Every structure is written in C-alpha cells, then in structure tokens.
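Reader: Hello! I would like a close look at one part of this model, with the cut-offs spelled out and some background on the whole chain.

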Amino acid sequence: MSRIGKLPVHVPAGVKASVSGNTVSIEGPKGKLSKEFNSAVKISMEGDAIKVEPASASRLSSAMHGTARSIINAMVQGVVNGYTKVLEIKGVGFKAELKGRHITLSLGYAHPCDYDLPEGINVVVGEAPDKSPLVTISGACKKTVGQVAADLKAFYPVEPYKGKGVRIQGEFVRRKEGKKTA
C-alpha cells in the first residue's frame with residue numbers, strides 16, 4: 001500500500017470540495033477544478049478530508065492509489081495558493097508580446113511564434129534586471145501551468161553554445177565549448 005496514498009488530503013477552510021463517484025470537484029479563492037479518476041481507486045469525503053483507497057488488490061489499483069492522492073492534493077493547493085512558472089527569454093532581439101488571450105514570441109525566426117492561452121491561465125510579460133523578457137505563467141491547475149510553460153519553451157529550447165533560447169527560471173543549462181581552431 002502506498003505511503004503517500006494512505007495520507008488524507010486536508011481541505012482548508014474557505015475551500016469547497018465534493019466527491020461524486022470518482023469525480024472530485026474543488027472550488028477555492030484561485031479558481032475551480034474538477035477531475036474524474038480511474039475506477040481503480042475509491043475516493044471518499046470524511047469531514048474536512050478526502051481519502052483515497054485502492055478499489056482492489058490489483059497492480060493498477062496500487063499504482064493509481066498514490067497518484068490519485070497526489071493529484072487531489074495538487075488540486076487543493078492550486079485553488080488555495082495557485083502555481084507559477086517564470087520563463088526567461090535570452091537572445092538579441094528576442095521578445096514577448098501579450099494581446100488579450102494570445103502571446104506572440106519573436107525568437108529570431110522569419111515568422112513570429114503565436115500561442116493561444118487556455119482558460120484559467122494568466123500570463124504577465126515583464127523585464128528582468130538584465131533587460132531580457134520574463135514571462136510569468138500562473139493558474140490554479142498545476143498540469144496546465146506546466147504544459148503552457150513547456151509549449152512556450154518548445155518554440156526555441158536553450159542551445160548549449162551561446163545559451164540563447166527560452167528557459168524556465170532557475171533551470172540549469174550545461175554550456176559547451178565552441179569549436180577550436182588549430
């Protein structure tokens with residue numbers, strides 16, 4: 001039995017949680033999230049805590065036990081505190097521009113890189129102290145925030161020679177030495 005799965009998920013005051021079958025809905029100050037889980041786990045509401053138990057002794061049930069509990073915990077943390085990822089854009093002439101629910105990145109290509117933002121995601125374009133653009137992505141759903149950050153990073157991943165590209169703040173990029181001449 002999963003050590004993480006055994007722990008109940010505490011629902012803080014000011015957060016509404018409901019369980020119907022295998023669907024968990026959580027609503028808080030940062031937003032509303034709902035997710036349907038696999039039938040391999042049983043989810044129940046006991047007081048101000050959500051408990052997850054394996055539905056059977058199968059391998060799938062034991063694998064989904066801790067996973068479902070972690071996802072529910074991330075949902076609760078998301079509606080209470082929210083999740084944030086900051087992207088740094090390094091390169092001469094590289095910039096980001098936000099227009100409504102649409103972000104355009106100029107990354108040295110012959111065309112702009114356009115991305116439509118999903119619902120529930122807020123983006124702020126700012127500037128770092130070294131004048132490079134910063135894109136702050138925030139929202140209640142951990143998965144969606146991470147996916148938007150990964151999609152924007154995929155337009156121009158950091159290259160190891162000059163360090164140009166889109167990176168998540170704090171990410172380590174191994175730099176390589178250039179070609180040597182004789």
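Author: Happy to help; here is the chain as a whole, then a glycine, a lysine for contrast and the cysteines. The model is predicted, so local features need pLDDT of at least 70 and side-chain atom pairs count only at pLDDT 80 or more, while totals for chains, interfaces and linings use all residues. Numbering runs from 1 along each chain as its sequence is written, and side-chain values use heavy atoms, with hydrogens and water left out.

The chain holds 3 helices and 13 strands; these are DSSP runs numbered from the N terminus, with helices being H or I of at least four residues and strands E of at least two. Its radius of gyration is 21 Å, where a compact globule of 182 residues would have one near 16 Å. That radius is taken over C-alpha atoms, and the globule rule is 2.2 Å times the number of residues to the power 0.38. Along the principal axes, the C-alpha atoms fill a box of roughly 65 × 45 × 25 Å. Of the 182 residues, 35% are buried, where buried means under 20% relative accessible area, exposed over 50% and partly exposed in between, using a 1.4 Å probe and protein chains only.

Now for the close look. Gly165 sits in strand 13, which covers residues 165–168. With a relative accessibility of 0%, Gly165 is buried. Contact means heavy atoms within 4.5 Å. Beyond its neighbours within four places in sequence, Gly165 touches Glu88, Ile89, Lys90 and Phe94, along with Tyr156, Pro157 and Val158. Gln147 lies 18 residues from Gly165 along the chain, and their C-alpha atoms are 18 Å apart.

Lys32 makes a useful contrast. This lysine belongs to strand 4, residues 31–36, and is exposed at 61% relative accessibility. Setting aside neighbours within four places in sequence, Lys32 contacts Ile26 and Glu27. Between Lys32 and Met75, 43 residues apart along the chain, the C-alpha separation is 9.0 Å.

Finally, the cysteines. Cys113 is buried, at 3% relative accessible area, whereas Cys141 is partly exposed, at 26%. A disulfide is counted when a pair of cysteine sulfur atoms lies within 2.5 Å, and the count here is 0.
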